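Please load the model in a viewer and keep the selection panel at hand. The tour below proceeds from one selection to the next and states what is found at each stop.

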Amino acid sequence: MSESSESPDMTSKTKIENVIVVGGGPAGYTAALYTARANLEPLVFEGFQWGGQLQNTTDVENYPGYPEGIMGPEMMSQFRAQAERFGTRFVTDDVDRVELSDGGVQKVFLGDEEYRAKTVILAMGAEPKRLGLPGEMELAGRGVSTCGVCDGAFFKGHRVLVIGGGDSAMEDSIFISKFADELSIVNRRDEFRASPIMRDRALAVDNIDTLTPYTPLEFVAGEDGKLATVRLRHSDTGEEKEIEATGAFVAIGHVPRSEVVKGQVATDEDGYIKVEAGSTRTDLAGVFAVGDVVDHTYRQAVTAAGTGCMGALDAERYLRDSAPPVEAHWFPGGEPVEMEIGS
């Protein structure tokens with residue numbers, strides 16, 4: 001009789017976590033904080049660019065609890081430290097792929113290394129679409145912005161441009177116009193993609209005008225290292241000109257960072273993960289989604305943190321009320337467990 005190919009030496013131990021959080025912005029860190037305080041010992045894959053979009057933000061003046069304002073990276077460091085205080089473990093690397101199940105063990109991969117969990121909280125966030133122009137990244141936070149609600153108040157009395165032709169551009173223009181002296185909406189076409197009602201509202205504001213059809217070419221710094229002018233080209237004639245502006249807001253939309261779960265959870269036509277109304281539950285049991293990877297409306301740090309809290313509470317209730325996956329041993333108190341897997 002032939003010997004079995006399996007042997008005890010080929011057996012590996014794989015820990016099954018209670019919670020894995022994918023993403024390290026306000027939503028992910030808040031989810032980690034709440035699950036850590038619930039003794040669930042979360043494991044967070046925060047990514048190389050941990051902190052989310054706030055790592056590229058200078059002054060944050062609209063987050064409650066910081067009356068003097070705070071720098072974005074500093075605030076994210078505080079979020080992270082608070083989650084770590086209660087036992088959160090961090091992996092500062094980007095997840096390569098996931099294998100999600102409907103109520104079973106969830107699998108997260110870092111290269112060939114496999115991590116398993118009873119629940120996963122997806123908090124990958126979103127990133128603003130960019131123009132890819134010279135000076136755009138160099139002057140980020142120094143006159144060039146992708147968030148009118150975040151940064152509009154810094155341009156009180158200034159001359160600013162809003163680049164884009166959709167509803168996002170109209171919404172940003174209306175908000176920023178409360179602070180700026182002059183605001184021009186730059187669009188490469190004479191027509192706007194925005195809904196008629198949003199377009200009419202924006203163009204009805206006294207200090208808003210339009211620059212069409214113009215395509216931006218470059219953001220140019222002044223002697224102080226901040227934005228001074230924006231170089232534009234007429235879309236029909238090719239004529240170029242420079243417009244003086246101390247602020248330029250790129251408002252051409254956002255892209256949710258949901259590619260790692262594409263085809264595994266339900267998403268809308270733009271790639272935002274769908275969740276049940278009033279919750280963070282996806283269409284897969286044990287899989288939750290929070291923050292900007294879900295939210296295409298508000299996209300604020302405070303709303304992301306709020307949904308991070310919701311996701312943690314939803315995951316905690318799921319672990320409390322659901323039968324454990326058949327692959328996992330169930331330990332009281334929600335402790336991570338180990339199981340034997342024969343190779």
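Select aspartate 321 first: in this predicted model, aspartate 321 is exposed, with a relative accessible area of 55%. Add arginine 320, which is likewise exposed, at 58% relative accessible area. The two residues form a salt bridge, and their closest N and O atoms are 2.8 Å apart. Side chains of opposite charge can pair when their charged atoms come close.

The count of salt bridges in the structure comes to 11. For the next stop, select Glu46, Arg80 and Glu84, which are joined into one network by salt bridges that share partners. Begin with glutamate 46 and arginine 80, whose closest N and O atoms are 2.8 Å apart in a salt bridge. Glutamate 46 is in the loop between strand E2 (43–45) and strand E3 (59–60), whereas arginine 80 belongs to helix H2 (residues 72–85), so this pair ties together parts 34 residues apart in sequence. Are these two residues buried or exposed? Both glutamate 46 and arginine 80 are buried; arginine 80 counts as such because its relative accessibility is 19%, and the cut-off for buried is under 20%.

Now turn to glutamate 84, whose side chain meets that of arginine 80 in a salt bridge of 4.0 Å, N to O. Both residues lie in helix H2, four residues apart, or about one turn of the helix. Glutamate 84 is partly exposed, with a relative accessible area of 43%.

Next, select the cysteines. How many disulfides does a search of the whole structure find? The search finds one, and it joins cysteine 147 to cysteine 150 at an S to S distance of 2.2 Å. The link is right-handed, with 65 degrees about the S-S bond. Cysteine 147 counts as buried at 19% relative accessibility, while cysteine 150 is partly exposed at 28%. Select cysteine 309 as well: this residue counts as buried, at 17% relative accessibility.

Proceed to the surface and select Lys129, Arg188, Arg189 and Arg193, which form a positive patch. Lysine 129 is placed in the loop between strand E9 (126–128) and strand E10 (144–145). Its relative accessible area is 38%, which makes lysine 129 partly exposed.

The last stop is aspartate 102, in the loop between strand E6 (97–99) and strand E7 (106–110). Aspartate 102 counts as exposed, at 56% relative accessibility. Add threonine 282 to the selection: the C-alpha atoms of aspartate 102 and threonine 282 are separated by 9.8 Å, although the residues are 180 residues apart along the chain.

Note on methods: Residues numbered from 1 in each chain as written. Predicted model: local features only at pLDDT ≥ 70, side-chain atom pairs only at ≥ 80, totals over all residues. Heavy atoms only, no water. Patch = residues over 30% accessible without salt bridge, like charges linked within 9 Å, V, L, I, M, F, W, Y side chains within 5 Å. Areas by Shrake-Rupley, 256 points an atom, 1.4 Å probe, with all protein chains shown as cover. Lys, Arg positive; Asp, Glu negative; His and termini not counted. Charge placed at Lys NZ, Arg CZ, Asp CG, Glu CD. Helix = DSSP H or I, 4+ residues; strand = E, 2+ residues; numbered from the N terminus. Buried < 20%, exposed > 50% of the residue type's maximum accessible area, 1.4 Å probe, protein only. Disulfide = S-S within 2.5 Å.
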